[in-house]
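Welcome, and thanks for taking a look at this one with us. Please open the viewer next to the text and follow along from place to place.

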Amino acid sequence: MLTEQDEPNFHAYNYRHVGDLRVLNNKPNGECAHLADNFCTIYKKRPQVCRTYDCRKHWKILPESEQHRFRKSDMGRAAFASLSTLDADDIADLPAYRQRATPAIDAKTGLPKAK
Ligand code: SF4
C-alpha cells in the first residue's frame, strides 16, 4: 500500500488503485512487479512500506489462522524460516510494529496517514 509519503515517487511505481488505496502491482506468480532476479528495481525509491515491513514481525502479529495462510506464500515461508533470527529488540518492538503496520486511513485522501 502506497502512502502520501511515497507521492514524490509515484511516477516510478507500477501500481493500481484498489478503491481509494494505491497498491503495487504483482506479476502473475504473485511477486512484486518491481522484483527482478531477487533485486528491487526501484530500491532507492522503494515505498515506505518496503522500508519498514519485516516479514518476521508480520508473522508474529498475525492471528494463528492468518499465519497458516501467510505460510502458503513465498514470503510467509521465508518469514517462518527466519523467525529464530528475531532478537530481544525485535520482540520488544512488536507492539509498535503492529501499530505501524495498521495505519489509520486519512478520510480526505483515502491514503494511509503518514506517521
Ligand atoms: S522492496 Fe520488494 S516489494 Fe518493495 S518495491 Fe522493491 S521489490 Fe517490490
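What follows is a short tour of the domains, the ligand shell, the strands, a helix and a few single residues.

The model shown here is predicted. The domain assignment splits the protein into domain 1, residues 1–52, and domain 2, residues 54–103. Taken over C-alpha atoms, the centres of domain 1 and domain 2 are 20 Å apart.

Let us start with the ligand. Around the ligand stand Leu 24, Cys 32, His 34, Leu 35, Cys 40, Ile 42, Arg 46 and Cys 50. Sorted by class, this shell has six nonpolar residues, one polar residue and one charged residue.

One member of the shell, Leu 24, leads on to the strands. Strand β1 covers residues 15–18, and strand β2 covers residues 21–24. The two strands β1 and β2 run antiparallel and are joined by four bridges. Within this pairing, Tyr 15 has Leu 24 of β2 as its bridge partner, and Arg 16 stands opposite Val 23 in β2. Two residues lie between the strands of this hairpin, where Gly 19 takes a positive phi near 60 degrees.

Which residues of β2 are buried, and which are not? The side chains alternate along the strand: Arg 22 and Leu 24 point to one face and are buried, whereas Leu 21 and Val 23 point to the other face and are not buried. Leu 24 is thus a buried residue of β2 as well as a part of the ligand's surroundings.

Now for helix α5, which spans residues 88–101 and has 14 residues. From its first C-alpha to its last, α5 reaches 19 Å, close to the 20 Å expected at 1.5 Å a residue. A kink of about 50 degrees lies in α5 at Leu 94, shortly before the proline Pro 95. Is α5 largely buried or in the open? The helix lies largely in the open, because the number of buried residues among its 14 is zero.

Several residues can be paired with a partner that lies elsewhere along the chain. The table sets out these pairs with their distances from C-alpha to C-alpha.

| Pair | Separation in sequence | C-alpha distance |
|---|---|---|
| Asn 9 and Arg 46 | 37 residues | 8.3 Å |
| Glu 31 and Lys 45 | 14 residues | 18 Å |
| Ile 61 and Leu 94 | 33 residues | 7.2 Å |
| Ala 107 and Asp 20 | 87 residues | 9.8 Å |

Here is where each of these residues sits. Asn 9 is in the segment before β1 and counts as partly exposed, because it has 15 C-beta neighbours inside 10 Å. Its partner in the table, Arg 46, also belongs to the ligand shell.

Glu 31 has its place in the loop between β2 and β3, the latter being residues 35–36. With 13 other C-beta atoms within 10 Å, Glu 31 is partly exposed.

Ile 61 belongs to helix α2, residues 55–61. This residue has 16 other C-beta atoms within 10 Å, so Ile 61 is partly exposed. Leu 94, which is paired with Ile 61 in the table, is the residue at the kink of α5.

Finally, Ala 107 lies in the segment after α5. How many C-beta neighbours does Ala 107 have inside 10 Å? There are 8, so Ala 107 counts as exposed.

Note on methods
Residues numbered from 1 in each chain as written. Predicted model: local features only at pLDDT ≥ 70, side-chain atom pairs only at ≥ 80, totals over all residues. Near = placed C-beta within 6 Å. Nonpolar A, V, L, I, M, F, W, Y, C, P; charged D, E, K, R; others polar. Domains from an automatic or database assignment. Expected span 1.5 Å × (residues − 1). Bend = angle between axes of the 7 residues up to and from the residue. Buried ≥ 20, exposed ≤ 12 C-beta atoms within 10 Å, placed from the backbone. Pairing = 2+ DSSP bridges.
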